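Subject: Structure for you to look at

Hi,

Here is the structure I promised. My notes follow below it.

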Amino acid sequence: DPRRVTVFGMTEHRHHRGGEWPEHSAAFEVHDPYTGEVFATVAACDQNDARLAVEAAAEAFPAWAELSAEDKATLFLRAADVVERRRAEIAETLARETGCTIFFANFQQDLVKQELRQAANWVYLPKGEILQSNVPGTYSTAVRRPLGVVASFTPWNGANVLAWRAVLSPLAAGNTVVVKPSELAPISAGLIVAEIAEEAGFPPGVVNVVTHAPGEAKAIADEFFANPTVRCVNFIGSVKTARMLAERAGRALKRSVMELGGYNPMIVLDDVDLDYAVRTGAFSAFFHQGQICMNARKILVQRGIYSEFVERLAERARSLPMGDPKDPATIIGPLITPDAVATVHARVAEAVSAGARIVTGGRSDGQVFEPTILVDVPDSCTMSYEETFGPVVIVQPVDSADEAVEIANRPLYGLTSAILTGDTYRGFELAGRIKCGAVHVNIPTIDDEIQAPIGGVRDSGWGRTGPYSLHDFSDLIWVNVQSG
Ligand code: ADP
């Protein structure tokens, strides 16, 4: 297998460019977040490798752009079949590399299949218009054209589904892609996509993956910004990194698409079915150990049901099986790194020292952090307004729906939100006042339908997923023809 070699009993993964799996001069280690052991080693690419990958993508671009919609669609459909065939083995890789549960690993793969099958249709969507012209005999038209090479930065959290998302829309719009996966999940967030694309028969150079060691992201990014062939920086990650990349994209006059974090309020009104609210709250707060940009960070509960809600949510939090993500019964697996565990502890400690109370949780065992509920958290605490990637949620009483909406709109983030109420019409009415890219009424803050426009407002970024992102990855060109 040219994609991987075995070195001292350990699998070493090569990177991918121009349809090849070139040899590398250095490798770095990827750790299993549950056992802490080295799980694989991966090619540590440098700036020159990034340049060669961009060149491979540029070379592949004209033919890919010209490939018929039907031929592109066929490749997406074949890739979905490969995902189906490799399901069990990929699920295990996702669990071992990123600490996601087998449930989430399979959920990601189901989404990937849906996405690939829908992308087969997106290739038919970019379309133009015929404009009215003042000059008789003129065919004045507006047509969509792909940009060229898109550089996609992918994160480790929903690694596999987000990596596919970061390549599918650019590809469907006719671009070729260089993926720079997170150094914490180079296989799930990058190499798996390249392997499947190759197995499905995508032409060489259409999907390239540049893996890199920790601390080398900037060197790889330098090449993307410096290289005039790269026309768009497509980023999924943190606000902090996004500010820097968007600034650099601005200076280099490259288009940028930014899919960032969120704070994600959930509002629970007192006419709600409490059982449903508790289940939905626990799922929204604790799914994937709170490491998804869509997790609920603050639950605002109307005062009449506040105490009972807190008590029952705590009961549920304590009942969630924790431990080895590879055990199908596990719901709470490990956080991604020891540093992540330390950050969550520090934020909880900050809140507690400011007067907050831990209702349940607050401890960790290895990298597994207990589902944690905080109450009485002062607004000044970092946890009150900043995304914290861990299974920690704040619950806070409110006197009215109006107060809930006001508090929900305070953070500068604006990704997703939820309103739980027995009165659907009221939920609808409140939804219009929430400043987020998604408002779910009687649905968790975490919801994923690839045909929907998923993305943020305000500090959660710009750009939308799937069919709604095709315009981000194409230009509108005026083609004006005088036939007379
Ligand atoms: P997180 O903190 O959740 O890991 P980041 O925003 O740090 O999120 O990471 C998202 C992506 O941004 C990863 O692919 C990472 O390698 C990349 N990244 C981080 N720092 C830089 C940088 N200085 N230049 C370019 N890319 C970076």
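A residue counts as buried if 20 or more other C-beta atoms lie within 10 Å of its own, exposed if 12 or fewer, and partly exposed in between, with C-beta atoms placed from the backbone. By that rule, 53% of the 484 residues in the protein chain are buried.

Some ground rules. This is a predicted model: local features need pLDDT (the predictor's confidence in each residue, from 0 to 100) of at least 70, side-chain atom pairs count only at pLDDT 80 or more, and totals for chains, interfaces and linings use all residues. Numbering starts from 1 along each chain as its sequence is written.

Confidence first. Mean pLDDT of the protein chain is 97, and 100% of its residues reach 70 or more. For the complex, the predictor gives an ipTM of 0.94 and a pTM of 0.97.

Now the ligand. Its surroundings (C-beta atom, placed from the backbone, within 6 Å) include F153, K180, E183, K218 and T241. Two or more residues of this shell come from each of β7 and α7 (helices, H or I, of at least four residues and strands, E, of at least two are DSSP runs, numbered from the N terminus). Helix α7 gives the largest share, three residues.

Then α7 itself, residues 217-226. Its buried residues are I220, A221, E223 and F224. Seen down the helix axis, they fall within an arc of 150° (directions from the axis to the C-beta atoms), so they line one face of α7. A221 is also one of the residues around the ligand.

Best wishes
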